[in-house]
Amino acid sequence: MKKLGKIDTITKEYMKDPVIFADMFNKFLYHGKQVINPDNLIEMDSTEIVVPYGEGKAGVPAQKYRDVLKLMMTDGNIAYCILGCEDQSRVHYAMPVKNMFYDSMQFARQVTKAAKSHRQEKGNKPSSDEFLSGFYKTDRLIPVVTLVIYWGPDRWDGPLTLKEMYAAADDAVIQYVPDYNINLIAPEQMTDDEIKEFRTSLKEVMLYIKYSKDKNKLQIVTQSDESFQNLDRQAAEVINVTTNSKLKYPEGKEKIDMCLALEEMRMDSKIEGAVETCKNFNMTFEKTIRYISDHLMFHYSRPKTK
């Protein structure tokens, strides 16, 4: 649980960056076209308040927290829509219910805010129906788009719709039950061309996660793209924690050469394996050092052939 908490903290901080956040939604909504301007995003309170009623109709307030929630404004400083993201390091098999709850609470908050605003207004007299609901006939809701980001290298095998979660029932019933779809970003289920629609370090992060379980393919991908040689530190930390790569890079350095970090990680793994082999053969410390030097360090330091 401690490891999952670290993953959630690092990915959440990464997605809070308005440039990264805008890039994620520009890719998902507009296939990479730069429509959402990071400067037009406003951080929102990610806390949702819900009051379920228990015995005796006593209200018991509870808090639910979205990972990141931002209000998208138009250039004319008018609220256009609300964008939210949920970071998942593991598959959540009730994700449609979880997201539907968040979206419903956001809409309920808008209705409550509209009703409060009308009560404070003077002049316009509402109809009896408008007075009852607090939401006037001319009122409109701000759309909410929630995006699930799965940071794992495996396929998302959870439900994508609410209907997938229902118990078996005949079509006459199912056609009238409500549905809800989740919007999913999962690296393993994206093509390389789709991932390359990202314009920020999200491209490198998603590519690395996608191929993190295939060492040969990962090496080809990272070495063929020069952007991996100059990656933002925060993106490198997201890669490290989500893939458990155990990459090492200099403290305080803001740009990371992922190709070099990968090579050093592989060498560390080989050295650990060599030491274990020497232990199994009861070799002395001096012979172990000589073995590593002769069989590993030479291959590591020699220049690569073109």
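Tutor: Contact here means heavy atoms within 4.5 Å. The structure under discussion is a predicted model.

Student: Which residues of α7 and α8 meet?

Tutor: The two helices are α7, residues 202–211, and α8, residues 215–224. On the α8 side the partners are K217, L218, V221 and T222. On the α7 side they are L207, Y208 and Y211.

Student: At what angle do the axes of α7 and α8 cross, and what is the relative direction of the two helices?

Tutor: Two packed helices are described by the angle between their axes and the distance between the axes. For α7 and α8 the axes come within 8 Å and cross at roughly 160°. Because angles over 145 degrees count as roughly antiparallel, α7 and α8 are roughly antiparallel.

Student: Is the crossing of α7 and α8 left-handed or right-handed?

Tutor: The handedness describes how α7 passes α8. For this pair, the crossing is right-handed.

Student: Which helix gives the largest share of the largest nonpolar core?

Tutor: The largest nonpolar core has 47 residues, and Y14, M15, M24, I149, W151, M206 and M258 have the most contacts inside it. Seven residues of this core come from one helix, the largest share. That helix is α7.

Student: Which residues does M258 touch, leaving out those up to four places away in sequence?

Tutor: M258 is among the residues with the most contacts inside the largest nonpolar core. With residues up to four places away in sequence left out, M258 touches Y208, F228, Q229, L231, A236, I239 and L247.

Student: How many residues are in the other core?

Tutor: This core lies apart from the largest one. Among its members are M95, Y150, L162 and Y180. Its size is nine residues.

Student: How many residues of α9 are buried?

Tutor: Helix α9 spans residues 233–243 and is mostly covered. Its buried residues include R233, N240, T242 and T243, as well as A235, A236, V238, I239 and V241. Of the 11 residues in α9, the number buried is nine.

Student: What is the phi of N244, and what is the phi of K246?

Tutor: N244 comes just after α9, in the loop between α9 and β9 (255–256). K246 lies in the loop between α9 and β9 as well. Both values are positive although neither residue is a glycine. Phi is near 55° for N244 and about 60° for K246.

Student: Why does N244 count as partly exposed and K246 as exposed?

Tutor: The cut-offs are under 20% relative accessible area for buried and over 50% for exposed, with partly exposed in between. K246 is exposed because its relative accessible area is 61%. N244 counts as partly exposed because its relative accessibility is 44%.

Student: How far apart in space are D17 and V68, C-alpha to C-alpha?

Tutor: D17 is placed in the loop between α1 (2–16) and α2 (18–30). Because its relative accessibility is 28%, D17 counts as partly exposed. D17 and V68 are 51 residues apart in sequence. Their C-alpha to C-alpha separation in space is 9.8 Å.

Student: What percentage of the residues in the protein chain is buried?

Tutor: The protein chain has 11 helices and nine strands. It exposes about 18900 Å², of which carbon and sulfur atoms supply 53%. Of the 306 residues in the protein chain, the buried share is 39%.

Notes. Residues are numbered from 1 along each chain as its sequence is written. This is a predicted model: local features need pLDDT of at least 70, side-chain atom pairs count only at pLDDT 80 or more; totals for chains, interfaces and linings use all residues. Side-chain values use heavy atoms; hydrogens and water are left out. A nonpolar core is a set of buried Ala, Val, Leu, Ile, Met, Phe, Trp, Tyr and Cys residues joined through side-chain atoms within 4.5 Å. Buried means under 20% relative accessible area, exposed over 50%, partly exposed in between (1.4 Å probe, protein chains only). Helices (H or I, at least four residues) and strands (E, at least two) are DSSP runs, numbered from the N terminus. Accessible areas come from the Shrake-Rupley method with a 1.4 Å probe; for residues, only the protein chains shown count as cover. Axes are lines fitted to C-alpha atoms, for helices over the stretch in contact, and angles run from 0 to 180 degrees between N-to-C directions. Angles under 35 degrees count as roughly parallel, over 145 as roughly antiparallel, 65 to 115 as roughly perpendicular and the rest as oblique. A crossing is left-handed if the near helix is turned anticlockwise from the far one by less than a right angle, and right-handed if clockwise.
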